[in-house]
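Colleague: Please put the model up, and I will ask about its helices, cores and loops in turn.

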Amino acid sequence: PKVVSSGDVIQYSTERWTQGQVQSHFFAVEALDRIVAQTFQYLGENIRWALTEHDVAEHIRGKFDRAELEFDDGPVVAFNEHSSDPHYDPRPDDSVVIRREGWLLIDLWARKKSSNERERNISADITWTAKLGEQPNPIQQQVFDVVTRARDTAFELLERQTLSGNNPQGWELDRVARNVIETAGFGDYFFHRLGHSLGYEVHSNGVNLDDWETHDTRTVINGIGVTIEPGIYLPEFGVRSEIDVYMSENGPEITGNRQVEIIQIETD
């Protein structure tokens, strides 16, 4: 007998999105794109009020409710060295004030509110970074450029192989992005997987883009969703750029906006 993995059978049976779920994901990701942009603007306009990371997270949660979104936890609002922690969770007792000069990372995720108990809408999950005050310094710009290049390299491999009829395994996408970051000299500072399965729960049960925590040999099949979110986490600041990808029958599709430059928040 030959033992084979049931991983692809399981995700084919449980993780593919229905057309209604695809629409629910687009509803969520469009709302998140709008909210993160509004939040950056809100910070620039209200910087004099000494808002903490937790204050801004509360502001975002309020916008979720008004946008008909629901969430299980989050978001991440991380200023300066707190952005070096990929899983930073701002609490009232340890949040810092967001100053006029510094680096900001916001990671937010949510899904469309369900109209009944059986409706399983699909989550969206994005991460953007911004510079407050002066223009980014050379190391901040360099790290941002490496991270976004790793992100785009992984997506290009996914697109190329899928359109050729040879869908990659999860670990392959992690490895190609990790190679970009290692070649740039930042390999020791990319210490999480490239991406995760995306479903009703923001971390779902399909293939993960992972050659770090595990060596995920499941195939990135058509009909599912994943995130691509490389990061470099230096002691002083961290950069992550996260996009959502839906694997349609015609190939992979980035479902929301893709950050291509550092957001500049004027604080004068």
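Colleague: Which residues of α3 are buried, and against what do they pack?

Modeller: This is a predicted model, in which local features need pLDDT of at least 70 and side-chain atom pairs count only at pLDDT 80 or more, while totals for chains, interfaces and linings use all residues. Residues are numbered from 1 along each chain as its sequence is written, and side-chain values use heavy atoms, with hydrogens and water left out. Buried in α3 (under 20% relative accessible area, with exposed over 50% and partly exposed in between, for a 1.4 Å probe and protein chains only) are Glu-53, His-54, Val-56, Ala-57, His-59, Ile-60, Arg-61, Lys-63 and Phe-64. Packing, a form of contact, is counted for heavy atoms within 4.5 Å, and the partners of these residues are α2, β1, β2 and β3.

Colleague: How far apart are the end C-alpha atoms of α3?

Modeller: Helices (H or I, at least four residues) and strands (E, at least two) are DSSP runs, numbered from the N terminus. The expected span of a helix is 1.5 Å times one less than its number of residues. For the 14 residues of α3 that gives 20 Å, and the end C-alpha atoms agree, being 20 Å apart.

Colleague: What is the phi of Glu-68?

Modeller: Glu-68 comes just after α3, in the loop between α3 and β1. Its relative accessibility is 44%, so Glu-68 counts as partly exposed. The residue is not a glycine, yet its phi is positive, near 65 degrees.

Colleague: Which loop holds Ala-50, and what is its phi?

Modeller: Ala-50 sits in the loop between α2 and α3. Ala-50 is partly exposed because its relative accessibility is 37%. Although not a glycine, Ala-50 has a positive phi of about 55 degrees.

Colleague: What is omega for the peptide bond between Gly-74 and Pro-75?

Modeller: Pro-75 belongs to the loop between β1 and β2. The bond joining Gly-74 to Pro-75 is cis, with omega of about 5 degrees.

Colleague: Which element gives the most to the largest nonpolar core?

Modeller: A nonpolar core is a set of buried Ala, Val, Leu, Ile, Met, Phe, Trp, Tyr and Cys residues joined through side-chain atoms within 4.5 Å. The largest has 33 residues, and Val-143, Leu-194, Val-220, Ile-228, Ile-232 and Val-245 have the most contacts inside it. Two or more residues come from each of α4 (138–163), α5 (170–183), β6 (225–228) and β9 (243–248). With nine residues, the element that gives the most is α4.

Colleague: Which residues does Val-143 touch, and how many residues has the other core?

Modeller: Not counting residues up to four places away in sequence, Val-143 touches Phe-186, Ile-232, Leu-234, Phe-237 and Val-239. Apart from this core lies another, with Ala-31, Phe-40, Ile-106 and Ile-265 among its members, and its count is 29 residues.

Colleague: Within what arc do the buried residues of α5 fall?

Modeller: The buried residues of α5 are Gly-170, Leu-173, Asp-174, Ala-177, Arg-178, Val-180 and Ile-181. They line one face of the helix, because down its axis they fall within an arc of 150 degrees, taken from the directions from the helix axis to the C-beta atoms. This set packs against α4 and β7 (231–233). The arc asked for is thus 150 degrees.

Colleague: At what angle do α4 and α5 pack?

Modeller: The contact includes Val-146, Ala-150 and Leu-157 of α4 and Leu-173, Val-176 and Val-180 of α5. Axes are lines fitted to C-alpha atoms, for helices over the stretch in contact, and angles run from 0 to 180 degrees between N-to-C directions. The axes of α4 and α5 are 8 Å apart, and the angle is about 145 degrees.

Colleague: Which residues are in contact with Arg-120?

Modeller: Arg-120 lies in the loop between β3 and β4 (124–132). At 44% relative accessibility, Arg-120 counts as partly exposed. Its C-alpha atom is separated by 9.1 Å from that of Glu-201, 81 residues apart along the chain. Leaving aside neighbours within four places in sequence, the contacts of Arg-120 are Gln-21 and Tyr-200.
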